Amino acid sequence: MDLISKYNIVHRYEKRSLLIAINCVAGLAIFFFGYDQGMMGSVNVSIDYGVYRMKYGDVELHDGANQVTVQNSTLQGGIVAVYYLGTLVGCLVGGWIGEKVGRIKVMALGAIWGVIGASLQTSAMNAPWMICARLVNGIGTGMLNVIVPVWATETASHTSRGQFVAIEFTLNIFGVVVAYWLGFGCSFVNDGFSPFVWRFPIAFQIIPLLFLFVIVWFFPESPRWLVKVGREAEARYILGRLRGEDEYGLAEAEFQDIVNVSELEKKSGKVNSYFHMFWDIMPKRLGGGTSGKLHIGRRVQLVVWLQILQEWIGIAGVTIYANDIFSQAGYSVFKSRWIAGINDIFYMFSTLIAVFTLDRLGRRVSLYWGNIVMGTAMFLSGGFSALAQQNLDNQSKRAAYGAAGAAFTFVFTAGFGATWLTIPWLYPAEIFPLQVRAKGNAWGVVGWSVGNGWTRLLNPTHHLPLFPPTPAHSTTYLNQTCTQPTN
């Protein structure tokens with residue numbers, strides 16, 4: 001195939017080996033996504049960062065260790081949350097560009113944009129600088145978030161799509177784990193006062209981003225996008241390599257199906273702007289219903305609210321503010337930090353459950369059982385931790401209740417990793433028509449950005465996401481209840 005570079009790995013690998021290679025690259029992008037989320041958990045508690053640079057707290061000695069006591073929680077939460085304004089902008093831009101120039105070029109653009117954002121964060125000297133840097137970094141992450149799941153699902157076969165995406169999100173949480181333990185290790189440098197404690201973990205993310213930027217050019221474009229833009233010869237060849245030469249008949253049938261669906265979609269829905277996709281849910285007399293029987297507006301609402309509810313469940317608070325959560329349960333500062341790290345590892349391994357359940361149980365059943373496990377665990381975790389706070393003068397009871405609260409936090413995290421972590425990212429690529437798939441996934445990232453930005457701004461303001469008597473505790477209980485009808 002002369003139209004495809006001779007250095008492209010599609011000429012060397014086929015079938016499962018090619019799919020594994022593609023998903024390793026997709027997994028690298030999603031590893032960065034997880035690392036970037038988990039990184040702020042250790043950065044926020046850095047003394048040089050919180051006290052001397054961002055100036056939202058003071059240093060206090062607690063349980064024999066110096067730690068940051070937050071005085072301006074709005075500033076702390078705002079610095080974290082502005083990143084998600086960037087991801088919102090980045091996903092919309094990336095989805096639009098992805099329909100024009102393809103998936104590979106947007107991945108490269110997102111990677112190099114992320115490098116710029118990470119460099120700006122690493123060199124930040126004050127809060128305004130950091131806010132701007134996180135906004136820039138968020139734009140790059142948004143581009144990757146919107147296009148990588150689309151690329152991965154469009155190259156995978158329908159029978160293994162859920163399995164491959166679930167494996168990728170195991171790497172996502174591996175990124176969270178690496179970010180946490182790297183930050184934990186750096187926290188001992190100069191008793192936590194060194195700028196190295198927070199600058200090095202931020203700079204570390206540049207490594208996978210540069211590697212992604214270099215390697216992605218050697219990978220095949222999505223055959224579905226190639227069909228959409230009329231490059232059918234390339235699409236047929238890539239699809240044949242993905243499915244294998246020994247299954248040429250099946251690959252050709254899939255190719256013809258993609259061509260037919262593409263032609264049908266072009267006739268069925270003519271207006272594909274972000275505004276028309278969103279407004280399509282409205283009655284025709286108000287300008288909606290432009291997609292006809294495709295019901296694009298309904299699909300937009302599904303993916304947006306699925307992502308928002310994914311974050312409102314409470315996982316954002318557990319990821320970023322785990323140290324505070326376990327401290328409220330009665331543990332010392334040092335012990336809270338390593339228990340939070342163990343919880344992240346537990347979280348990572350729980351995602352492997354989805355590898356075996358998503359394609360067997362389906363999306364809806366997985367969401368249902370995840371709701372039941374997480375809702376029960378959240379209520380019990382909050383209750384036991386409240387009892388620990390009420391028994392401060394009785395160390396044996398406090399330790400027992402605190403251990404129970406921590407255990408159910410582990411159960412909550414595992415339930416999320418096995419179900420809700422993966423499905424909202426897989427769902428958009430499966431329900432949107434080919435001609436608006438990247439833009440459809442962009443609407444999912446919009447929901448994710450809104451849900452994340454909201455919770456990460458409010459969590460420090462309300463102090464903690466799980467435990468009474470804070471207002472956020474009651475909010476989390478309500479959110480757990482509200483997830484039940486989403487299926």
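Buried, for a residue, means under 20% relative accessible area. Keep that cut-off in mind for the views below, which come from a predicted model.

**View 1. Arg 241 reaches Glu 14 in a salt bridge.** Arg 241 has a relative accessible area of 11%, so this residue is buried. Its partner Glu 14 sits at 28% and is therefore partly exposed. Look for the closest N and O atoms of Arg 241 and Glu 14: they are 3.9 Å apart. Arg 241 belongs to helix H10 (residues 232-243), while Glu 14 is in the segment before helix H1 (15-43), so this pair ties together parts that are 227 residues apart in sequence. As a bit of background, side chains of opposite charge can pair when their charged atoms come close. The structure holds nine salt bridges, and the next two views show others.

**View 2. Lys 228 and Glu 99 join up inside a network.** Here the side chains of Lys 228 and Glu 99 meet in a salt bridge, with 2.6 Å from N to O. Lys 228 is in helix H9 and Glu 99 in helix H3 (residues 73-101), so to speak two distant parts of the chain, 129 residues apart, linked by this pair. Glu 99 has a relative accessibility of 7% and counts as buried. Zoom out a little and you'll find a network of salt bridges that links Glu 99, Arg 103, Glu 154 and Lys 228.

**View 3. Helix H9 also pairs with helix H11.** Arg 224 in helix H9 and Glu 254 in helix H11 (residues 248-268) are 30 residues apart, and their pairing links distant parts of the chain. The two side chains form a salt bridge with an N to O distance of 3.9 Å. Arg 224 counts as buried, at 18% relative accessibility.

**View 4. Four nonpolar residues share a surface patch.** Tyr 7, Val 214, Trp 217 and Phe 218 make up this nonpolar patch, and together they have about 450 Å² of accessible area. Find Phe 218 in the loop between helix H8 (206-215) and helix H9 (223-228). Phe 218 counts as partly exposed, with 35% relative accessibility. For the wider setting, the accessible surface of the protein comes to about 19200 Å², and 66% of that belongs to carbon and sulfur atoms.

**View 5. Helices H15 and H16 pack against each other.** Helix H15 covers residues 333-361 and helix H16 covers residues 363-390; their axes are 7 Å apart and the packing angle is about 125°. H15 and H16 are therefore oblique to each other. Which residues do the meeting in H15 and H16? From H15 come Ile 353, Thr 357, Leu 358, Asp 359 and Leu 361, and they meet Arg 363, Val 365, Ser 366 and Trp 369 in H16.

**View 6. Val 411 touches Val 373 and Ala 377.** Val 411 has its place in helix H17 (residues 395-418). Leaving aside residues up to four places away in sequence, Val 411 touches Val 373 and Ala 377. Phe 346 is 65 residues from Val 411 in sequence, yet their C-alpha atoms are 9.1 Å apart in space. With a relative accessible area of 36%, Val 411 is partly exposed.

**View 7. The whole protein, for orientation.** Step back and you'll see 20 helices and two strands. The protein has 487 residues, and 58% of them count as buried. Among contacts with a separation of 6 or more, 77% are between residues 24 or more positions apart.

Methods
Residues numbered from 1 in each chain as written. Predicted model: local features only at pLDDT ≥ 70, side-chain atom pairs only at ≥ 80, totals over all residues. Heavy atoms only, no water. Helix = DSSP H or I, 4+ residues; strand = E, 2+ residues; numbered from the N terminus. Buried < 20%, exposed > 50% of the residue type's maximum accessible area, 1.4 Å probe, protein only. Contact = heavy atoms within 4.5 Å. Areas by Shrake-Rupley, 256 points an atom, 1.4 Å probe, with all protein chains shown as cover. Patch = residues over 30% accessible without salt bridge, like charges linked within 9 Å, V, L, I, M, F, W, Y side chains within 5 Å. Axes fitted to C-alpha atoms, helices over the stretch in contact; angles between N-to-C directions. Parallel < 35°, antiparallel > 145°, perpendicular 65-115°, else oblique.
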